[in-house]
Amino acid sequence: MKISDHIFFCLLALFLFSCTEATEKKGRMAGKGKAETEASRADSGQEDISGEENFDQFIRKFSTQESFQLERIKFPINVIVPDDEDEGMAPMEETIGRYEWELLDLTYDSTYLTRPYDQYYQGVRYGKDTAVVEIRGINNGIYADYYFTLIDKKWYLVTLYEASF
C-alpha cells in the first residue's frame, strides 16, 4: 500500500505542476497577445487611447497619398523659402495655394545617411500638440523644417521653413 500511495502522490504532484505551468503559459500568451494587439493598432494608424492620431502612421500616409496630403495641409500655407532672385538667397515668406502644391515625401530611410550624394538625416521633435520634422544635410546645404499641429485630434501641416540652397 505504501508504494501505491507514493505513486499516487507523485502523479498528483505532476498533475498539479503541469496545470500550474499551463496556466502561467496561457497568461503569458494572453499578455503577449494584448501587447501585439496594441502594437498592431499603432501600426495600422488607429488612434491611441486618448483618441489622437498616431503621428508616425500619419506621416507615412501623408507622404504616399496625394489626396490625403492635400486634405491635411492648412491652405493657403505660409512658407519661408530662399529667394532665388537674391544673390545671397535670403529667406522670404511666400504663400502657396492648393493648386500650386507639389507632393511632399517625408518618408525616411537610414541609407540616406550613407549614400554618395545629398546625404541627410531626418528627425522629429515633439511638443504637446506639435511635431516638427527636421531634415539636416551633411555638408551639402540641405535644411528644412516641417511644422505639424494636432487639430481636433488629427495632424495637419501648418507651415514649413525651407532654407536649402
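Where is Pro76 found? Pro76 sits in strand β1, and the peptide bond that leads into it from Phe75 is one of the things to look at here. Keep in mind as you turn the structure around that this is a predicted model. Below is a quick tour of its aromatic rings, one serine, a pocket and some backbone details.

**Aromatic rings**

- A pair of aromatic rings is described by how far apart the centres are and by the angle of the planes.
- This structure holds 13 aromatic pairs.
- Take Phe55 and Tyr126: their centres are 5.8 Å apart with 90° between the planes, an edge-to-face pair.
- That pair ties together distant parts of the chain, with Phe55 in helix α2 (residues 55–64) and Tyr126 in strand β3 (residues 120–126), 71 residues apart.
- Phe55 also pairs with Trp155; here the centres are 4.9 Å apart and the planes stand at 75°, so this pair is edge-to-face.
- This second pair links distant parts of the chain too, since Trp155 is in strand β6 (residues 154–162), 100 residues from Phe55 in helix α2.
- Are Phe55 and Trp155 buried or exposed? Phe55 has a relative accessible area of 6%, which is under 20%, so Phe55 counts as buried. Trp155 is buried as well, with a relative accessible area of 6%.
- Zoom out and you'll find one aromatic cluster made of Phe55, Phe58, Phe62, Phe68, Tyr126, Phe148 and Trp155.

**Arginines over rings**

- Arg72 lies over the face of Tyr156, 5.3 Å from the ring centre.
- Arg136 does the like with Tyr143, lying over the ring's face at 3.8 Å from its centre.

**Ser164 and its surroundings**

- Ser164 lies in the segment after β6.
- With 18% relative accessibility, Ser164 counts as buried because the cut-off is under 20%.
- Which side chain does the side chain of Ser164 make a polar contact with? Glu162 is the partner, at 2.5 Å.
- A polar atom of the Ser164 side chain also lies 2.8 Å from the backbone nitrogen of Tyr143.
- Skip the neighbours within four places in sequence, and Ser164 is in contact with Pro82, Met89, Gly141, Ile142 and Tyr143.

**The largest pocket**

- How big is the volume of the largest pocket? About 260 Å³.
- Its lining is a mix of residues, including Val79, Val81, Glu94, Ile96, Trp101, Tyr146, Leu160 and Glu162.
- Three elements, β1 (73–82), β2 (91–96) and β6, are the ones that give two or more residues to this lining.
- Glu162 turns up twice on this tour: Glu162 lines the largest pocket, and its side chain makes the polar contact with Ser164.

**Backbone details**

- Most residues other than glycine have a negative phi, and most peptide bonds are trans.
- The bond from Phe75 to Pro76 is cis, with omega near -10°.
- Asn139 has a positive phi, near 55°, and it isn't a glycine. You'll find Asn139 in the loop between β4 (130–137) and β5 (143–151).
- Asn139 is at 82% relative accessibility, which is over 50%, so Asn139 counts as exposed.
- Lys153 is another residue other than glycine with a positive phi, near 65°. Lys153 lies in the loop between β5 and β6.
- Lys153 is partly exposed, with a relative accessible area of 44%.

Conventions. Residues numbered from 1 in each chain as written. Predicted model: local features only at pLDDT ≥ 70, side-chain atom pairs only at ≥ 80, totals over all residues. Heavy atoms only, no water. Phe/Tyr/Trp six-rings, centres within 6.5 Å; stacked < 30°, edge-to-face > 60°. Helix = DSSP H or I, 4+ residues; strand = E, 2+ residues; numbered from the N terminus. Buried < 20%, exposed > 50% of the residue type's maximum accessible area, 1.4 Å probe, protein only. Lys NZ or Arg CZ within 6 Å of the ring centre and 35° of its normal. Polar contact = N/O pair within 3.5 Å; in protein donor to acceptor, adjacent residues only side chain to side chain. Contact = heavy atoms within 4.5 Å. 1 Å grid on protein atoms, 1.4 Å probe; cavity = no way out; pocket = protein on both sides within 12 Å on 5 of 7 lines; lining within 4 Å. Points joined across faces, edges and corners; volume = space filled by probe spheres on them.
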